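Grab a coffee and open the viewer. Here are a few exercises to work through, each with a solution underneath.

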Protein chains: 2
Amino acid sequence: MANGSSRATTLTDVARLAGVSVATASKALNGRAGVRTETRERVVDVAKRLAFQPNALAKSLLAGRTGTVGLLTSDMEGRFSLPIMMGVEDAFGAARTSVFLCDARGDSIREQHHVDALLSRRVDGLIVVGSRTEPRPSLGRGLPVPVVYVYSPSDHPDDMSLVIDNVAGASLAIQHLVTGGRKRIAHIAGDPGYQATHDRARGAEAALDAAGLSLACGRIHYGSWTEAWGRGATRMLLADEPAVDAIFCGSDQIARGCLEVLRDQGREIPDDVAVIGFDNWEVLTVNARPELTSVDMRLEELGRRAAQRLYEAIDERMTPGVEMLHCQIVQRGSTIPLN
Amino acid sequence: MANGSSRATTLTDVARLAGVSVATASKALNGRAGVRTETRERVVDVAKRLAFQPNALAKSLLAGRTGTVGLLTSDMEGRFSLPIMMGVEDAFGAARTSVFLCDARGDSIREQHHVDALLSRRVDGLIVVGSRTEPRPSLGRGLPVPVVYVYSPSDHPDDMSLVIDNVAGASLAIQHLVTGGRKRIAHIAGDPGYQATHDRARGAEAALDAAGLSLACGRIHYGSWTEAWGRGATRMLLADEPAVDAIFCGSDQIARGCLEVLRDQGREIPDDVAVIGFDNWEVLTVNARPELTSVDMRLEELGRRAAQRLYEAIDERMTPGVEMLHCQIVQRGSTIPLN
């Protein structure tokens, strides 16, 4: 690996002699964007003159990356982090990059330990995945590699964050029901201790408003992210407003409970009542009877986008701030009579 | 980090002068087991004489570890790998060790790439987690760190593997039903393309045999790992053998479908029919109506055990072969009238 005992030419030598920064020298030698043609030619010329022979580490510095990205997660159910991880890997190209996932369990000491471990192993960047949509503390400005926050945004405006647009996602759900001719639409929401719950409620109300409709029952039912709550809320709802013709549920688990009680009470789905969930968690949606229409958060796309942001930041093209991704509806038999 | 320009004393120097292997020198200086007292004293004496000052890397070599373990998985639903990872971390002590999870997706080229990436980052060992119980190809003997195979055993007898005892787990399920007074017990099995399916069927038949019972319907129903199959099989089963009083399902998904059809057909659970699943996947078991009794594979314990095996192997105390862990029953309302 070493080039013998005499000191080898380094990228720093090339940069100094060419009168550019190390980052620019790296980009120039690797054909990256953001370097003027004459600068690139000068750097390449200097590198040839110095017989610059990058070793393995220098090569990786040159390429701007070591081929490894750290993914810190506090979502140990893996519902968010694993699809995001797959998207990151797909974007980087699996044959060239390894993503190392570390479990922080929402514990800042553990998180710092993992950050140190990853940095000491020369990762090119960090992706921090949260399990809630509330902002989380920034890892700070002092890190030697770029960081992208995914799902939970950073609380610092100079960081790069990628999140789901829950308000717009819920509006899509309501629009889907309205398009299907539904008029008496109820919303069974999740745990009111989550920002996502309120964002989805806000999106639902805005879309109902825009369609000139008001909430069936006149209020949103708040509870928890469970099937049991979906069952209980649906029983209440049918008692209060027997003419309800559609129910937007804040999660697929809630929707599964809702479907069960509707069936128990002899309601035909979707003819009498349409049901739509949120998350598009396939274990729950595809196995439902009928199959459950749901709002998909496009987590793999979120991962791909995070990888792209990280790439750009490694090339010193940062995009600070919070970027929101749109959800999409996956239509199945619980809202549309498909068979 | 460097000790200046003069060559520093290394652990190899200490070992050579003390007349022991580097591994023994390391163990002696770290107070590990497996070193005789007089050997330890000699090594410590030599280290003092040479003013042996381990640097950061040497310290980690000395301690026998760098504080990082790689976990290779092909289970990107995370159902097996994430609980196993948590167990590994708990055993190692989160504050001292980072576990890096890499996603191989069942692709051997991708797997090799991740192995290289992890080894070049000086992990102390590898844990390879499969998503099926069939043996998998060994990573081979040439690796510089120990490897433990978890859930899927290695196909090489010299490797260390830790797996679930599916045969015994299924027997436990049947024994639980028999203890509850059930006589006409059916088994709805999963996908016949999986070894786990056959192991569970074998365990169920053995336990029925031991109890002097035979299978309700006279045969096992094989299908897939889905709720839809659970529904379909239960309908068939009730038509063939209306007096069935217990159903052992090959997975919790199957059991959820089974519960649904039993309820649709007016059977009381557990009074008329008891139902038990396999996996104890809480999303499905705790949200079922009634809550679902299930066979728990103790995946976190599997992870803790894997960490322990890896520790021992780092200390050169290998335990080659396949070790099987026992499952346990988690009792809930679907087999025992709890409320």
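The exercises below go from the chain pair down to single side chains, and the model they use is a predicted one.

**Exercise 1. Work out what symmetry relation links chain A and chain B.**

Step 1: Superpose the copies. A rotation of 180° with 0.1 Å of shift along its axis puts chain B on chain A, with an RMSD of 0.1 Å.

Step 2: Name the relation. That rotation is what a two-fold axis gives.

Step 3: Look at the contact surface. Both copies use the same surface, since 100% of the contact residues of chain B recur in chain A.

**Exercise 2. Find out what the salt bridge between R105(A) and E89(B) joins, and say how accessible each partner is.**

Step 1: Start with the general idea. Side chains of opposite charge can pair when their charged atoms come close.

Step 2: Check the distance. R105(A) and E89(B) pair up at 3.0 Å, N to O, and a salt bridge needs the nitrogen within 4 Å of a carboxyl oxygen.

Step 3: Place the partners. R105(A) sits in the loop between β2 (98–103) and α6 (108–120) of chain A, while E89(B) belongs to helix α5 (residues 81–92) of chain B, so the bridge joins two chains.

Step 4: Compare with the cut-off for buried, which is under 20% relative accessible area. R105(A) comes out at 26%, so it is partly exposed, whereas E89(B) has 2% and is buried.

**Exercise 3. Do the same for R263(A) and E260(B).**

Step 1: The two side chains form a salt bridge of 3.1 Å, N to O.

Step 2: This pair also crosses between chains, running from helix α10 (residues 252–264) of chain A to helix α10 (residues 252–264) of chain B.

Step 3: R263(A) is partly exposed at 25%, and E260(B) is buried at 7%.

**Exercise 4. Trace the salt-bridge network that includes E323(A).**

Step 1: Begin with one pair. E323(A) bridges to R305(A), with the closest N and O atoms 2.7 Å apart.

Step 2: Locate both ends. E323(A) is in strand β10 (residues 321–325) and R305(A) in helix α12 (residues 299–314), both of chain A, so the bridge ties together parts 18 residues apart in sequence.

Step 3: Check accessibility. R305(A) is partly exposed, at 22%.

Step 4: Follow the shared partners. E301(A), R304(A), R305(A), R309(A), E312(A) and E323(A) end up in one network. For the overall tally, the structure holds 41 salt bridges over all chains.

**Exercise 5. Is R79(A) buried or exposed, and which residues does it touch?**

Step 1: Find R79(A) in the loop between β1 (68–73) and α5 (81–92) of chain A.

Step 2: Its relative accessible area is 19%, so R79(A) is buried.

Step 3: Skip residues up to four places away in sequence, and R79(A) touches Q253(A), D279(A), W281(A) and L299(A).

**Exercise 6. Explore the largest nonpolar core, taking L302(B) as a way in.**

Step 1: This core has 98 residues, and L302(B) is one of those with the most contacts inside it.

Step 2: Beyond its neighbours within four places in sequence, L302(B) contacts residues including I84(B), V150(B), L162(B) and L325(B).

Step 3: Another core, of 27 residues, lies apart from the largest one, with L139(A), Y149(A), L118(B) and L139(B) among them.

Terms used:
Residues numbered from 1 in each chain as written. Chains lettered and ligands numbered in written order. Predicted model: local features only at pLDDT ≥ 70, side-chain atom pairs only at ≥ 80, totals over all residues. Heavy atoms only, no water. Least-squares fit on C-alpha atoms with pLDDT ≥ 70 in both. Contact = heavy atoms within 4.5 Å. Helix = DSSP H or I, 4+ residues; strand = E, 2+ residues; numbered from the N terminus. Buried < 20%, exposed > 50% of the residue type's maximum accessible area, 1.4 Å probe, protein only. Core = buried A, V, L, I, M, F, W, Y, C linked by side-chain atoms within 4.5 Å.
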